[in-house]
Amino acid sequence: MADDSFDLPGCLDRVRRRDQVAARELVDHLYPLVIRIVRSHLPRRVAEEDLAQDIFLKMFTRLEQYQGNVPFPHWVSRIAVTTCIDQLRAQKRRPEFRWADLSENEAEVLDNVLTDERDVTPGDALEARELVHKLLDQLKPDDRLVIQLLDLEQKTIAEISAQTGWNQTLIKVRAFRARRKLQKLFQELQNKEKS
Amino acid sequence: MNQFDHQWQKLTALARQAGDPRDVAAPYGFATRVAARAVTLPPASPWAAFERFALRGLLVAAACGVAAIAVNYTIFSSEPADDYATTDTVGEILNLS
């Protein structure tokens, strides 16, 4: 998406006329946007390239339905988000989260965060990211997406609304529900750690 | 800010520092492969959006049908012949009996 000179309307016109070169240019142009969404919400055991391909194929088959009411990248974002959520829903059961599932470093980071005895260091960032993703895996797909966008990508409610198509009240409700579930999870982990 | 909020913000702030060093450019051949498939795909039908709700809709309709039969079971189970046999409407109107 770094190429600001890209003629998106012209490219879309050519794609609608079944121009394969234009379709390739469009994929190249949108790939960074799509792959960032896929990586943020990638379900377990799903290859990111396969999911990206599904998203692009959906985009092409629905292109006639695009009315131009929202910017085209937002429209593609919504397809990407709903495709990822559908994949997460298809996985159905979320494995129970246990202290034993954490690596030694992840457990140490979590311990530091929970007990507040020692400051976490930037060197713990990778473990923290893995840990956060394991915790987010425990949430419902819609709730997980909201927390991911709010707390990790630091997007505003309005930006999330534009990206997902959900209204702002719904996003706040989902964020509240997700944080309550995470709080419960933290308490359970603290209790297990003490026992 | 309660204790959980403090802990969660601390953890996510640390997780954000990890960033994501992976390349975001399309892998070689990806765009060509997808574009080749895209031009052969038929456009989605306008009804495609409803397809994902079709099964759920069918189940709800079936449940409504069963509920309607259950609620009105007495009407279905009564024998209409008896009603006709015991009611002489014309006779009642003309007061013949």
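In the predicted model, A:Lys134 is partly exposed, with a relative accessible area of 24%. The side chain of A:Lys134 forms a salt bridge with that of A:Glu106, with a distance of 2.8 Å from N to O. This pair links distant parts of the chain, since A:Lys134 belongs to helix 6 (residues 125–136) of chain A and A:Glu106 to helix 5 (residues 104–115) of chain A, 28 residues apart. Unlike A:Lys134, which is partly exposed, A:Glu106 is buried, at a relative accessible area of 6%.

A salt bridge also joins A:Asp142 to A:Arg174, where the closest N and O atoms are 3.2 Å apart. Because A:Asp142 lies in helix 7 of chain A and A:Arg174 in helix 9 of chain A, the pair ties together parts that are 32 residues apart in sequence. Both A:Asp142 and A:Arg174 are buried. In addition, A:Arg14, A:Asp19 and A:Glu25 are joined into one network by salt bridges that share partners. Over all chains, the count comes to 10 salt bridges.

One salt bridge is formed between B:Arg33 and A:Glu49, the closest N and O atoms being 3.0 Å apart. This pair crosses between chains, running from helix 2 of chain B, where B:Arg33 is located, to helix 3 of chain A, where A:Glu49 is located. B:Arg33 counts as partly exposed at 37% relative accessibility, and A:Glu49 counts as partly exposed at 31%.

The secondary structure of chain A consists of nine helices and zero strands. Chain B has six helices and zero strands. Of the 195 residues in chain A, 49% are buried, whereas 15% of the 97 residues of chain B count as buried. The surface exposed by chain A is about 10,000 Å², with 46% of it supplied by carbon and sulfur atoms. For chain B, the accessible surface comes to about 7,400 Å², and 65% of this belongs to carbon and sulfur atoms. Among contacts in chain A between residues at least 6 apart in sequence, those joining residues at least 24 apart make up 61%.

In soluble globular proteins, nonpolar side chains tend to be buried together. The largest nonpolar core in the model holds 47 residues, of which A:Leu26, A:Phe56, A:Met59, A:Phe60 and A:Phe72 touch the most other members. At least two residues of this core are supplied by each of several helices, including helix 1 (8–16), helix 3 (48–61) and helix 9 (168–194) of chain A, as well as helix 2 (30–38) of chain B. The most is given by helix 2 of chain A, with 11 residues. Domain 1 (1–92) and domain 2 (94–195) of chain A each contribute at least three residues to this core. When residues up to four places away in sequence are not counted, A:Phe72 touches A:Leu8, A:Leu12, A:Leu26, A:Leu30, A:Met59, A:Leu63 and A:Tyr66. Another core, of 24 residues, lies apart from the largest one, and A:Val109, A:Leu136, A:Leu189 and B:Leu14 are among its members.

A:Ala23 is found in helix 2 of chain A and counts as buried, at 1% relative accessibility. Its contacts, leaving aside neighbours within four places in sequence, are with A:Val15, A:Phe60 and B:Ala35. A distance of 9.9 Å separates the C-alpha atoms of A:Ala23 and A:Phe56, which are 33 residues apart along the chain.

Most residues other than glycine have a negative phi. A positive value, near 65 degrees, is found for A:Arg18, a residue in the loop between helix 1 and helix 2 of chain A. A:Arg18 counts as partly exposed, at 41% relative accessibility. Phi of A:Gln154 is also positive, near 50 degrees. This residue, A:Gln154, is in the loop between helix 7 and helix 8 of chain A and is exposed, with a relative accessible area of 52%.

On chain B, the residues B:Leu55, B:Leu58 and B:Leu59 make a nonpolar surface patch of about 340 Å². B:Leu55 lies in helix 3 (residues 48–71) of chain B and is exposed, its relative accessible area being 58%.

Methods: Residues numbered from 1 in each chain as written. Chains lettered and ligands numbered in written order. Predicted model: local features only at pLDDT ≥ 70, side-chain atom pairs only at ≥ 80, totals over all residues. Heavy atoms only, no water. Patch = residues over 30% accessible without salt bridge, like charges linked within 9 Å, V, L, I, M, F, W, Y side chains within 5 Å. Areas by Shrake-Rupley, 256 points an atom, 1.4 Å probe, with all protein chains shown as cover. Salt bridge = Lys/Arg side-chain N within 4 Å of Asp/Glu carboxyl O. Helix = DSSP H or I, 4+ residues; strand = E, 2+ residues; numbered from the N terminus. Buried < 20%, exposed > 50% of the residue type's maximum accessible area, 1.4 Å probe, protein only. Core = buried A, V, L, I, M, F, W, Y, C linked by side-chain atoms within 4.5 Å. Domains from an automatic or database assignment. Contact = heavy atoms within 4.5 Å.
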